[in-house]
Amino acid sequence: MPSPKCAIIFGTFALPFLGAAVPAPRAPAAECAPVPSAGKYPTYQQLPVQTTLPDPWLPLAYTTTNSEGGDSPSFASDVMTGKGKNRIQTPEEWYRCRQPEILQMLQEYQYGYYPDHSQETVKATRSGNTVNIEVTAGGKTGKFSATLALPATTPAPVVINIGGMTNQPYLQAGIAVVGFDYSRVAADSNAGTGAFWDIYKGQDIGVLTAWAWGFHRVLDALNATVPEIDPTRVGVTGCSRLGKAALAAGLLDPRITLTMPMSSGVQGLGPYRYHGLSGQDETLENSKSGAGWWTDSTLGTFVNHAENLPYDAHTIAAAIAPRALVIDQGTGDQFTNSKGTSVIVYPAAKLVYDWLGVPDQIAMSVRGGGHCDMSGFNSVLPFVTKVLQNQTITKDYDDLGSYGSPMTTAYPWATAVPQAA
């Protein structure tokens with residue numbers, strides 16, 4: 001099972017938004033679908049082939065082929081087109097049932113289970129613009145550090161990054177920039193070295209989750225030692241594999257106000273399905289073969305069976321709502337599937353954001369330029385100022401540029417969005 005800490009975090013996180021976004025229920029709350037225990041999730045053999053993006057409103061229990069009606073010839077079609085049984089019907093039910101289910105499902109199938117933070121002690125010390133971080137759990141300790149760049153006016157919102165970004169435009173906008181060496185948290189390999197593995201060595205957890213943990217422990221340290229930073233206005237970012245990690249960081253910690261994955265590709269916000277629309281045809285198979293350590297071993301069991309996965313990148317994005325998400329992709333990206341992210345993943349996730357009543361909290365930044373082009377940070381900056389500083393902006397982040405219109409055939413359940421009574 002995921003740690004109690006995770007369950008408590010996500011359960012309490014949703015509640016403040018319900019009063020504003022969800023009308024009081026007029027009937028007893030619907031019972032949540034059963035959720036498997038860790039290690040007992042359906043295998044690919046127990047899940048239908050879904051050639052289109054899975055329905056985000058359909059609980060896993062009603063997606064498996066051994067569920068009621070699973071032996072029907074129309075079962076897979078029904079599941080894909082929004083005709084599955086016992087779909088989520090209200091935003092209240094989404095936050096109470098479906099969002100926690102997705103978070104656990106993604107830890108099972110992709111990320112590995114996040115460590116129990118309630119068992120950790122975080123010690124932070126500051127020296128000038130360096131913050132040293134020491135985390136202890138179970139008698140083991142991991143150490144790393146973060147570097148600060150502060151704007152002229154404080155307290156300021158902050159963007160925490162790994163791998164570097166264009167600092168100056170953000171500082172000029174009044175946003176602090178903090179970076180840390182991700183390789184000191186976990187090596188980008190199966191070596192199992194770094195602060196995270198000093199504590200959790202041997203656990204079936206992906207390196208993306210380890211780097212996400214690094215983001216979270218940096219935020220702990222900033223809260224403890226840097227009063228110049230406003231801990232209620234926090235963005236996380238990185239590019240390519242580090243964008244995948246930033247996505248995981250935003251997903252797994254509700255303290256993150258804004259998630260900013262840049263050129264993130266497969267295992268980020270690149271689709272497992274429709275993978276060949278642009279870039280180098282990045283797939284589950286070639287990404288798992290090239291860097292199997294990014295994710296847990298369970299995801300490897302879906303190699304050559306990616307269309308049996310009961311989720312796709314849009315599911316990850318939707319699970320972040322109602323918090324903000326801005327997605328960066330370059331039309332000249334020679335590696336990742338920028339077109340698939342832009343015309344499939346983004347509009348599919350936006351349907352959920354729209355339904356939850358937060359349509360302005362998700363944005364797609366389609367720019368010129370290639371993979372991890374630093375211009376991407378300038379391209380998303382207006383949206384960052386909107387979210388973190390409540391600025392009014394004119395840039396249209398629903399404009400897919402040269403990619404044109406959403407590819408709605410990739411998510412046929414769009415015609416069956418639940419209508420709350």
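**Exercise 1. Place Leu-351 in its helix, then describe its exposure and its surroundings.**

*Solution.* Start with the secondary structure: Leu-351 belongs to helix H12, which covers residues 338-355. A reminder before going on: this is a predicted model.

Next comes exposure. The relative accessible area of Leu-351 is 22%. Buried means under 20% and exposed means over 50%, so Leu-351 counts as partly exposed.

Now look for partners. Once neighbours within four places in sequence are set aside, Leu-351 is in contact with Trp-57, Tyr-411, Trp-413 and Ala-414.

Finally, try a distance. His-314 is 37 residues from Leu-351 along the chain, and their C-alpha atoms are separated by 9.8 Å.

**Exercise 2. Decide whether Lys-350 is buried or exposed, and list what it touches.**

*Solution.* Lys-350 is also found in helix H12. Its relative accessibility is 15%. The limit for buried is under 20%, so Lys-350 counts as buried.

For the contacts, leave out residues up to four places away in sequence. Lys-350 then touches Pro-359, Ile-362 and Asp-398.

**Exercise 3. Work out the setting of Ile-344 in helix H12.**

*Solution.* Begin with the accessible area: Ile-344 is buried, at a relative value of 0%.

Then collect its contacts, again not counting residues up to four places away. Ile-344 touches Leu-53, Tyr-274, Leu-277, Lys-339, Met-407, Ala-410 and Tyr-411. Tyr-411 is also one of the contacts of Leu-351.

To finish, take a far-off residue. From Ile-344 to Asn-223 the C-alpha distance is 37 Å, with their positions 121 residues apart in sequence.

**Exercise 4. Find how many residues of helix H11 are buried, and what covers them.**

*Solution.* Helix H11 runs over residues 313-320, and eight of its eight residues are buried. By name they are Ala-313, His-314, Thr-315, Ile-316, Ala-317, Ala-318, Ala-319 and Ile-320. Helix H11 is therefore largely enclosed by the rest of the structure.

Which elements supply the cover? Among them are H3, helix H8 (241-252), strand E7 (258-262), strand E8 (324-330) and H12.

It helps to recall a general point here. An α-helix has 3.6 residues a turn, so residues three or four places apart point the same way.

**Exercise 5. Identify the disulfides, and say which parts of the chain each one ties together.**

*Solution.* A disulfide here is a pair of cysteine sulfur atoms within 2.5 Å. By this rule there are two disulfides.

Take Cys-32 and Cys-97: their sulfur atoms are 1.9 Å apart, so they pass the cut-off of 2.5 Å. The angle about the S-S bond is -75 degrees, making this link left-handed. Cys-32 sits in the loop between helix H1 (4-21) and helix H2 (75-80), while Cys-97 sits in helix H3 (residues 91-111), so the bond ties together parts that are 65 residues apart in sequence. Cys-32 is partly exposed at 32% relative accessible area, whereas Cys-97 is buried at 7%.

Turn to Cys-239 and Cys-372, whose sulfur atoms lie 2.1 Å apart. This link is left-handed too, with -110 degrees about the S-S bond. Cys-239 is in strand E6 (residues 229-239) and Cys-372 in the loop between strand E9 (362-367) and helix H13 (375-389), so this pair ties together parts that are 133 residues apart. Cys-239 is buried, with a relative accessible area of 14%, and Cys-372 is partly exposed at 27%.

Last, number the bonded cysteines in sequence order: the pairing reads 1-2, 3-4.

**Exercise 6. Compare the radius of gyration with that of a compact globule, and describe the fold as a whole.**

*Solution.* For 421 residues, a compact globule would have a radius of gyration near 22 Å; the protein has 20 Å, which agrees. The C-alpha trace spans about 65 × 50 × 50 Å along its principal axes.

Now count the elements: there are 13 helices and nine strands. Buried residues make up 57% of the 421. Of the contacts with a separation of 6 or more, 71% join residues 24 or more positions apart.

Finish with surface and charge. The protein exposes about 15700 Å², with carbon and sulfur atoms supplying 52% of it. There are 27 positive and 34 negative side chains, and the centres of the two sets lie 4 Å apart.

How values were computed. Residues numbered from 1 in each chain as written. Predicted model: local features only at pLDDT ≥ 70, side-chain atom pairs only at ≥ 80, totals over all residues. Heavy atoms only, no water. Helix = DSSP H or I, 4+ residues; strand = E, 2+ residues; numbered from the N terminus. Rg over C-alpha atoms; globule rule 2.2 N^0.38 Å. Buried < 20%, exposed > 50% of the residue type's maximum accessible area, 1.4 Å probe, protein only. Contact = heavy atoms within 4.5 Å. Areas by Shrake-Rupley, 256 points an atom, 1.4 Å probe, with all protein chains shown as cover. Lys, Arg positive; Asp, Glu negative; His and termini not counted. Charge placed at Lys NZ, Arg CZ, Asp CG, Glu CD.
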